[in-house]
Number of protein chains: 2
Amino acid sequence: MSNQELVVRGQGDGVGACCPGLLTAPLDEGQAVELAKVFKALGDPVRLRLLSMIASRAGGEVCVCDLTPAFDLSQPTISHHLKLLRQAGLIDCERRGTWVYYWLVPETTDRLANILTRPAGKPLPDRTAPAGAAS
Amino acid sequence: MSNQELVVRGQGDGVGACCPGLLTAPLDEGQAVELAKVFKALGDPVRLRLLSMIASRAGGEVCVCDLTPAFDLSQPTISHHLKLLRQAGLIDCERRGTWVYYWLVPETTDRLANILTRPAGKPLPDRTAPAGAAS
DNA sequence: ATCTTGCATCGACGGACATCAATGCAACCT
DNA sequence: AGGTTGCATTGATGTCCGTCGATGCAAGAT
């Protein structure tokens, strides 16, 4: 139940890899494909709410039975979205008795945050007087 | 040419708004819908590569004529992806003579990075010995 | 004015995705 | 054993999305 999520956490491969971020050097095709899978998983309002409900939960984990009733959607639909979040490496889960508990995988969100953070020293090109402004 | 992108930069409204991030408190429906639009724009390999090419460019801007030949895609397709990135508030553009130049809107990526960053003090629930482990 | 070049828009098509009802399966309870 | 509850999987359906060729439009060149 805890296998098969994308490899996003390794040091030398996967989404984040070595690269200093989206904003510093052009992504190659492979990196872009891997990263896009994770962002696509975040590109749905239901999945964003699920993720935030799971992440913000005191104790660090949530039972599915606490998630489903918060939405106007069928139980299979919620289960489907949870599966996508898990395959993206954003959450993981475990069955305990009758119930299944989900929790955040913080390494993945950390990595995304880093990828979206621009290097400190970069001095924001001045947008008020464009470089090659037409006469 | 520089209007109509999503409002993502204000202090009191839009995507980021006041909220301390995805990971701290549950998102309400409206916040989730707005945020999802931006993440959805990032959920495609072509758009990710476009964004990184634009963001990492020395000088801060890129001519479309430098972007298109980097892909095995038609010119209308690239134009379409650039439009989506612009509507998400991630980039902006300006026509100068014959050419159109694009640049990053760093406020938007900054905000996403913040949203994905967990509060410093939060002590990572111990995953090695699950709370209510079944006997 | 006409031609050419750079980019956006339009309309169409095929594949991907969100959703549901039905079903399957595991674990608990008699 | 049989019944019940919690969740995942399956199959079907309607919609969205990425892609293209054709076209439109703006700006420089002749």
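**Entry 1: A:Ser79 and strand D**

I looked up A:Ser79 first and found one of its polar side-chain atoms 2.6 Å from a phosphate oxygen of DNA strand D. I call this a polar contact, meaning a pair of N or O atoms within 3.5 Å; within protein, one must be able to donate a hydrogen and the other to accept it, and residues adjacent in sequence count only if both atoms are side-chain atoms.

I note that the model is predicted: local features need pLDDT of at least 70 and side-chain atom pairs count only at pLDDT 80 or more, while totals for chains, interfaces and linings use all residues. Residues are numbered from 1 along each chain as its sequence is written, chains are lettered from A and ligands numbered from 1 in the order in which they are written, and side-chain values use heavy atoms, with hydrogens and water left out.

**Entry 2: the rest of strand D**

I then checked chain B. A polar side-chain atom of B:His81 lies 2.4 Å from a phosphate oxygen of DNA strand D. B:Ser74 uses a polar backbone atom instead, 2.8 Å from a phosphate oxygen of DNA strand D.

I counted the surroundings, taking a residue as near a strand if one of its heavy atoms lies within 4 Å of it. DNA strand D has 26 residues around it, and among the closest are A:Tyr102 and B:Arg47. Of the strand D atoms within 4 Å of the protein, 73% belong to sugar or phosphate and the rest to bases.

Which helix gives the most to the surface near DNA strand D? I found H4(B), with 5 residues. Helices (H or I, at least four residues) and strands (E, at least two) are DSSP runs, numbered from the N terminus.

**Entry 3: strand C**

I turned to DNA strand C, where A:Thr77, A:His81, B:Gln75, B:Ser79 and B:Tyr102 come nearest out of 26 residues. For A:His81, an N or O atom of the side chain is 2.3 Å from a phosphate oxygen of strand C. For A:Thr77, the corresponding distance to a phosphate oxygen of strand C is 2.7 Å. B:Ser79 has a polar side-chain atom 2.5 Å from a phosphate oxygen of strand C.

Sugar or phosphate accounts for 75% of the strand C atoms within 4 Å of the protein. H4(A) gives the most to this surface, with 5 residues.

I sorted the residues near strand C into 10 nonpolar, 9 polar and 7 charged. Here Ala, Val, Leu, Ile, Met, Phe, Trp, Tyr, Cys and Pro count as nonpolar, Asp, Glu, Lys and Arg as charged, and the others, Gly among them, as polar.
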